[in-house]
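Trainee: I would like to learn how to read a structure like this one. Where should we begin?

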Amino acid sequence: MNLKKITVALMIPILYLGLCGCFEIVPKSFYDDFSSYSVGEKAPFGEWKVKKGGFKIEAVMSEDKKSINNVAVPINNGIIYIDKNYTNFKLIVDIKRLEEGDNPKIYFRLINNAQAGYYIEIKGYDMGYALYKFNGTKVEKLAESYSAAPAGTDFYRYEVIAKDNKIIFLAGGQKYIEYTDNNTPILKGGIGIGGGKAYYDNVRVEPIQ
Ligand SMILES: [Ca+2]
């Protein structure tokens with residue numbers, strides 16, 4: 001075989017792999033407990049970008065009152081996000097409202113510099129949860145739960161599972177929303193947190209099959 005033939009023989013599988021998307025870089029899992037930032041530090045910090053308003057790091061007493069724990073807190077209803085292309089994933093966040101009436105939000109599948117995507121609103125006074133899809137200023141409510149976990153102003157663990165066009169939302173391990181978006185779904189994008197007056201902690205993204 002001459003050099004030309006070898007080159008061609010090598011090019012075919014490389015082209016094939018490229019076309020099938022096998023070289024696409026899939027983001028790995030993500031975790032942030034905000035412990036690596038200094039108290040009072042303002043966003044952007046780490047990999048977080050600012051969508052609107054601001055965000056800062058605060059230190060609070062841990063649940064067991066034995067240590068000081070760093071959390072992230074919005075300033076002026078601020079929203080921060082991780083600008084990565086997560087396709088199918090579990091997004092887990094611990095949130096504690098500062099007042100019963102606060103309505104923190106969890107964002108996902110954020111695209112176009114977080115100008116479009118989905119979010120879950122945790123409604124004030126434990127009145128329920130709602131799933132929205134937004135694009136710029138256009139906001140559409142896709143699904144709603146009128147029951148909610150009794151979170152009050154305690155830390156609670158929330159989870160969004162996005163698999164293809166299906167979205168599931170859980171609070172305290174219990175499912176409250178399940179929705180399939182058949183209307184031009186957004187199938188990948190970044191994740192975010194913010195809105196309301198709340199402490200956000202332990203943000204985790206685990207890609208799933
Ligand atoms: Ca923390």
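Mentor: Begin with pairing: two strands pair if DSSP finds at least two bridges between them. Helices (H or I, at least four residues) and strands (E, at least two) are themselves DSSP runs, numbered from the N terminus. This is a predicted model, in which local features need pLDDT of at least 70 and side-chain atom pairs count only at pLDDT 80 or more, while totals for chains, interfaces and linings use all residues. Residues are numbered from 1 along each chain as its sequence is written.

Trainee: How many helices and strands does the protein chain have?

Mentor: The protein chain has one helix and 13 strands. In sequence order, the pattern is α-β-β-β-β-β-β-β-β-β-β-β-β-β.

Trainee: Which residue stands opposite Ile 168 in β11?

Mentor: Glu 178 of β11 is opposite Ile 168. Strands β10 (residues 166–171) and β11 (residues 174–180) run antiparallel and are joined by six bridges. Ile 167 has Tyr 179 of β11 opposite it. The two strands form a hairpin with two residues between them, and Gly 172 in the turn has a positive phi of about 55°.

Trainee: What does β10 pair with on the other side of the sequence, in β9?

Mentor: Strand β9 (residues 155–163) pairs with β10 in the antiparallel sense, over six bridges. Lys 163 is opposite Lys 166 of β10. This hairpin also has two residues between its strands, and Asp 164 takes a positive phi near 50° there.

Trainee: How do I read the side chains along β10?

Mentor: In a regular strand the side chains alternate between the two faces of the sheet. A residue is buried if 20 or more other C-beta atoms lie within 10 Å of its own, exposed if 12 or fewer, and partly exposed in between, with C-beta atoms placed from the backbone. In β10, Ile 167, Phe 169 and Ala 171 point to one face and are buried, whereas Lys 166, Ile 168 and Leu 170 point to the other and are not. Over the 209 residues of the protein chain, 28% count as buried.

Trainee: Which residues have the most contacts inside the largest nonpolar core?

Mentor: A nonpolar core is a set of buried Ala, Val, Leu, Ile, Met, Phe, Trp, Tyr and Cys residues joined through C-beta atoms within 7 Å. The largest one here has 41 residues, and those with the most contacts inside it are Tyr 81, Ile 106, Tyr 107, Phe 108, Ile 191 and Tyr 200. Strand β3 (residues 68–86) gives the most to this core, with seven residues. Two residues are in contact if their C-beta atoms, placed from the backbone, lie within 7 Å. Leaving out residues up to four places away in sequence, Ile 191 touches Tyr 81, Ile 82, Tyr 86, Leu 91, Tyr 107, Phe 108, Leu 110 and Val 205.

Trainee: Is Asp 201 buried or exposed?

Mentor: Asp 201 counts as buried because it has 21 C-beta neighbours inside 10 Å. Asp 201 belongs to strand β13 (residues 198–207). Its C-alpha atom is separated by 7.0 Å from that of Phe 34, 167 residues apart along the chain.

Trainee: What is unusual to look for in the backbone?

Mentor: Look at phi and omega. Asn 76 has a positive phi of about 50° although it is not a glycine, and Asn 76 is exposed because 8 other C-beta atoms lie within 10 Å. A cis peptide bond, with omega about 5°, joins Ala 43 and Pro 44.
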